[in-house]
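Reader: Could you put the model up and walk me through it, chain by chain?

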Amino acid sequence: MKILIVDDFSTMRRIIKNLLRDLGFTNTDEADDGNTALPMLKSGKYDFLVTDWNMPGMSGFDLLKAVRADEELKNLPILMVTAEAKRDQIIAAAQAGVNGYVVKPFTAAVLKEKIEKIFERIQ
Amino acid sequence: MTDSNKNNQGLEPEVTEKLKQQTSELAESVEEGDYARAMSIINELSDVRDQSLYREVGRLTRSLHEAIRNFQIDARNAEQKEALSKMSDASDRLNYVVQMTGQAANRTMDLVENAMPLAHAMRDEAVELREEWLRLRRREMAPAEFRELYGRIDRFFTTLTADSDTLYQSLSEILLAQDFQDLTGQVIQKVTALVKEVEENLLSLVVMASHVDQLTGTIHEIEEKEESAEKGVGPQIKADEREDVVSGQDDVDDLLSSLGF
């Protein structure tokens, strides 16, 4: 299971990386916005994407739409982990095809629950 | 601004008095067919307007100077401007907050990442030793194995002492790493005070400028810019008081399940 973590703050990437490692996912890479993430996703054979929303350059929402529009990537499960908390935004993300939505600040238990739920649904 | 001020649209009482007087004189001269006099009154009227305009522009300029002085921006040379500017100081201060919080977060995570394997190793060794210990109690252990266990328990106690010291040390360093809150809190409070001050100064400038607008009859069309949620707007402050914002993960889950997730 290869996971890409996209967030513009290195501390947040580190926290998510640590939590994922505790859940048994040790094969993770990091990117700091959509523009860096997209080429990595296209060449890297990732199984799962965890992304923030608000980032300089390409936002997580644009990344979500770009992934869903890409023939090769469109089935990649995506979990959004973000401080964006407007109802409209959550609805927009759901309509754009996000698989899970976690609002910051979050707990390890919530992250675990959402990731497990996504994998349950895929299998 | 008082009511009479509002009615006079920021004009001085003597100006409005003069306006009234000259308008009636103007009406009279037109009525009487004295067009030369009417024209000269129109000229006088526009002089009155120009004079009040100059006065307001003068006032606006003084306020602008005052505001710039309040920001302590000395524009004589670029270097001084940089050094004296409270604004650039404020952004330096905020950068300092970002730096301090980043450092504290990384320091804490370093310590946690070092401590976690120790805790894991302790637990794993304790589990294995307990299994061996139970075998011993069930008398399933050969004397050679017992001697091995004997040494292993001894080593375990030694490592346990050292590792719990390290853990304790890490925990107390994590505690210390939270001292940024005090420093960054003070800095943020100072910057908040500056922002308030700047807002007040800007507000009085806006009021001054609106006087000039009233005198010249200028109307500004200000386009309302809507914040694009697609780009992301960051954390929501006062989320509990707002209808359009979720208050936590439970709210998100409810919303998503209402959408059939």
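Author: What follows is a short tour of the two chains, their contact and a few individual residues. This is a predicted model, in which local features need pLDDT of at least 70 and side-chain atom pairs count only at pLDDT 80 or more, while totals for chains, interfaces and linings use all residues. Residues are numbered from 1 along each chain as its sequence is written, and chains are lettered from A and ligands numbered from 1 in the order in which they are written.

Reader: Thanks. What ipTM and pTM does the model score?

Author: The ipTM is 0.82 and the pTM is 0.69. In terms of pLDDT (the predictor's confidence in each residue, from 0 to 100), chain A has a mean of 93, with 99% of its residues at 70 or more, and chain B averages 82, with 86% of the residues scoring at least 70.

Reader: And where in chain B is confidence lowest?

Author: That is helix α1 (residues 3-7) of chain B, at a mean of 46, whereas helix α6 (residues 143-177) of chain B has the highest, at 93. Over residues 1-7 of chain B pLDDT stays under 50, and the model has two contacts beyond four places in sequence for that stretch; a contact here means that the C-beta atoms of two residues, placed from the backbone, lie within 7 Å. Where pLDDT is low, the predicted coordinates should not be read in detail.

Reader: OK, secondary structure of chain A: what pattern does the chain follow?

Author: Along the sequence the pattern is β-α-β-α-β-α-β-α-β-α, which comes to five helices and five strands. Helices (H or I, at least four residues) and strands (E, at least two) are DSSP runs, numbered from the N terminus. Among the elements of chain A, strand β1 (residues 3-6) has the highest mean pLDDT, 97, and helix α5 (residues 108-122) the lowest, 88.

Reader: Which way do the side chains of β1(A) point?

Author: I3(A) and I5(A) point one way and L4(A) and V6(A) the other, and all are buried, meaning that 20 or more other C-beta atoms lie within 10 Å of a residue's own (12 or fewer is exposed, in between is partly exposed, and C-beta atoms are placed from the backbone). β1(A) runs parallel to strand β2 (residues 28-31) of chain A, joined by four bridges, where pairing requires that DSSP finds at least two bridges between the strands. Within that pair, I5(A) stands opposite E30(A).

Reader: Which residues have the most contacts inside the largest nonpolar core?

Author: They are L4(A), L49(A), V50(A) and M80(A), in a core of 35 residues. A nonpolar core is a set of buried Ala, Val, Leu, Ile, Met, Phe, Trp, Tyr and Cys residues joined through C-beta atoms within 7 Å. Leaving out residues up to four places away in sequence, the contacts of M80(A) include T51(A), W53(A) and Y101(A).

Reader: Switching topic, what does UniProt place at D52(A)?

Author: The unreviewed entry places "modified residue: 4-aspartylphosphate" there; UniProt positions are given in the numbering used here, feature names are shortened, and annotations may be inferred rather than shown by experiment.

Reader: Is D52(A) buried or exposed?

Author: D52(A) counts as buried because it has 26 C-beta neighbours inside 10 Å. D52(A) lies in the loop between β3 (48-51) and α3 (60-69) of chain A, and, not counting residues up to four places away in sequence, touches V6(A), D7(A), D8(A), M12(A), G60(A), V81(A) and T82(A).

Reader: Any odd backbone spots?

Author: The peptide bond from K104(A) to P105(A) is cis, with omega near -5°, and P105(A) sits in the loop between β5 (100-103) and α5 of chain A. K45(A), a residue other than glycine, has a positive phi, near 55°, and counts as exposed because it has 8 C-beta neighbours inside 10 Å.

Reader: Now chain B: how many helices and strands?

Author: Chain B has eight helices and zero strands, and buried residues make up 6% of its 261 residues. In chain A, buried residues make up 40% of 123.

Reader: How many residues does each chain bring to the contact?

Author: Chain B brings 24 residues and chain A 22. On the chain B side, α5 (86-137) and α8 (249-258) each supply at least two residues, and α5(B) gives the most, with five.
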